[in-house]
Amino acid sequence: MSRVYNFSAGPAVLPEEVLREAAEEMMDYKGSGMSVMEMSHRSQVFDDIIKEAEQDLRDLMNIPDNYKVLFLQGGASQQFAMIPMNLMKNKVADYIVTGQWAKKAYQEAQKYGKANKIASSEDKTFSYIPDCSDLPISEDADYVYICENNTIYGTKFKKLPNTKGKLLVSDISSCFLSEPVDVAKYGILYGGVQKNIGPAGMVIAIVREDLITEDVLPGTPTMLTYKTHADAESLYNTPNCYCIYMCGKVFKWLKNMGGLEAMKERNEKKAAILYDFLDQSKMFHGTVVKEDRSLMNVPFVTGDKELDAKFVKEAKAAGLENLKGHRSVGGMRASIYNAMPIEGVEKLVEFMKKFEEENL
């Protein structure tokens, strides 16, 4: 069977050349006689893999020297607890709730201190980003938290909130490496890699060094302390070796593609093909206000649940996979991450036009 166009929100599409390279090295990585899946994380071979991966990520994002790159397990969801455990010195944090993942992070933070919801777009099913230019930032807030790109609802912060000097913490899971980013504007930025970078099972946290201390909430487990992992260079315990190896390959692929400026240009071009069609379609329409649209996740509906289901079923038969919207919102969603070729988006629009003609 030939490969399908995979529009899954995560685990998601990976670059084909990366998959081919990994397949070629599966039995014998660079003459080691072993697969990366089998080798010791304490070996020189793996040490080279993790160090090179980190350096390539630093190059891609221009990460300043006073930030640590941590390859962690537990996914992005574990960071919902790890962040307040490590940062809530005053036991106060402000949360901007623009989707399900920000909401879950906000709920988790309530276990560790006073979490304030200072802005939300829940009143309109998270279909927009609230005005964050003059927020009621708490005087004693340890940090302000956002989820920068909302995978489920398809919104994206185009401008970072005015935190009035407070530390900004951002979940960038579904827009990770999709465009250039000024790391220095954040205290912590982190993301699960399974959306735009690698296979599932890991989160990358980029943490400013002054935030990595032993002064954490009482009872914080050793494994949930940033200092544990920073001091051990992500090798405190056995890391997700194969995932780090695969992410490293994707970092190389991104460099070869021209870096994050080139990816942004490519992603804008891809998204425009789909959004332009949605804006003129008589059957399909997007669910997000135009100025807050994500380049990565594009939700859309027909307005008829039965028609939506028919579309998803027929699209699958046409080799367009995983277009069903998240269970909490229904409809459809096309995730068009870095590795989705432009041809995939063109094929999707072509199919949508045909479906519209046949079903209007």
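**Exercise 1. Which backbone oxygen lies 3.1 Å from a polar atom of the side chain of T225?** Find it, then describe where T225 sits and what surrounds it.

*Solution.* A quick heads-up before we start: this is a predicted model.

Step 1. Look for the oxygen. The backbone oxygen of P221 is the one, lying 3.1 Å from a polar atom of the T225 side chain.

Step 2. Place the residue. T225 belongs to the loop between strand 10 (203–208) and helix 5 (226–231).

Step 3. Decide whether T225 is buried or exposed. Buried means under 20% relative accessible area. T225 has 9% relative accessibility, so it counts as buried.

Step 4. List its contacts, skipping neighbours within four places in sequence. You should get M82, N86, T213, V216 and T220.

Step 5. Try another residue of that loop. D215 also has its place between strand 10 and helix 5. With neighbours within four places left aside, D215 is in contact with N86 and K89. As for Q79, its C-alpha atom is separated from that of D215 by 17 Å, with their positions 136 residues apart along the chain.

**Exercise 2. Describe the protein chain as a whole.**

*Solution.*

Step 1. Count the elements. The protein chain has nine helices and 14 strands.

Step 2. Check how compact it is. The radius of gyration is 21 Å, close to the 21 Å that the globule rule gives for 360 residues, so the chain is as compact as a globular protein of that length.

Step 3. Get the dimensions. Along its principal axes, the C-alpha trace spans about 65 × 60 × 30 Å.

Step 4. Look at burial and surface. Of the 360 residues, 57% are buried. The chain exposes about 16000 Å², and carbon and sulfur atoms supply 48% of that.

Step 5. See who touches whom. Take the contacts with a separation of 6 or more: 69% of them are between residues 24 or more positions apart.

**Exercise 3. Find the nonpolar cores and look at one residue inside.**

*Solution.*

Step 1. Start with the largest core. This one has 87 residues, and those with the most contacts inside it are M61, I204, I206, F284 and F311.

Step 2. Ask which element gives the largest share. That's helix 6 (residues 241–256), with eleven residues.

Step 3. Look for another core. There is a second, separate one of 36 residues, and M85, L87, I152 and L167 are among them.

Step 4. Zoom in on I204. Leaving aside neighbours within four places in sequence, its contacts include L57, V69, L70, F71, F176 and F251.

**Exercise 4. Work out how strands 2, 8, 9 and 10 pair up.**

*Solution.*

Step 1. Begin with strand 9 (residues 188–192). Five of its five residues are buried, so strand 9 is largely enclosed by the rest of the structure. I188, Y190 and G192 point one way, while L189 and G191 point the other.

Step 2. Find the partners of strand 9. Strand 8 (residues 168–171) runs parallel to it, with three bridges; S170 has L189 as its bridge partner. Strand 10 pairs with strand 9 in the antiparallel sense over five bridges, and here G192 partners V203.

Step 3. Move on to strand 2 (residues 67–72). Five of its six residues are buried, so to speak mostly covered. Six bridges join strand 2 to strand 10, and the two run antiparallel. L70 has A205 as its bridge partner in strand 10.

**Exercise 5. Identify the edges of the sheet that has the order 11-12-14.**

*Solution.*

Step 1. Describe the sheet. It's an open sheet of three strands with antiparallel pairing.

Step 2. Pick out the edges. Strand 11 (285–286) and strand 14 (332–335) each have a single partner strand, so one side of each is left without a neighbour in the sheet.

Step 3. Check one pair. Strand 12 (residues 297–301) is joined to strand 14 by four bridges, with P299 opposite R333.

**Exercise 6. Spot the backbone oddities.**

*Solution.*

Step 1. Recall the usual pattern. Most residues other than glycine have a negative phi, and most peptide bonds are trans.

Step 2. Find a cis bond. G10 and P11 are joined by one, with omega about -5°. P11 is in the loop between strand 1 (5–6) and helix 1 (16–25).

Step 3. Find positive phi values. K30 has phi near 45°, and N62 has phi near 50°.

Step 4. Check exposure, which means over 50% relative accessible area. K30, at 63% relative accessibility, counts as exposed, and N62, at 64%, does too.

Technical notes: Residues numbered from 1 in each chain as written. Predicted model: local features only at pLDDT ≥ 70, side-chain atom pairs only at ≥ 80, totals over all residues. Heavy atoms only, no water. Buried < 20%, exposed > 50% of the residue type's maximum accessible area, 1.4 Å probe, protein only. Polar contact = N/O pair within 3.5 Å; in protein donor to acceptor, adjacent residues only side chain to side chain. Contact = heavy atoms within 4.5 Å. Core = buried A, V, L, I, M, F, W, Y, C linked by side-chain atoms within 4.5 Å. Rg over C-alpha atoms; globule rule 2.2 N^0.38 Å. Areas by Shrake-Rupley, 256 points an atom, 1.4 Å probe, with all protein chains shown as cover. Pairing = 2+ DSSP bridges.
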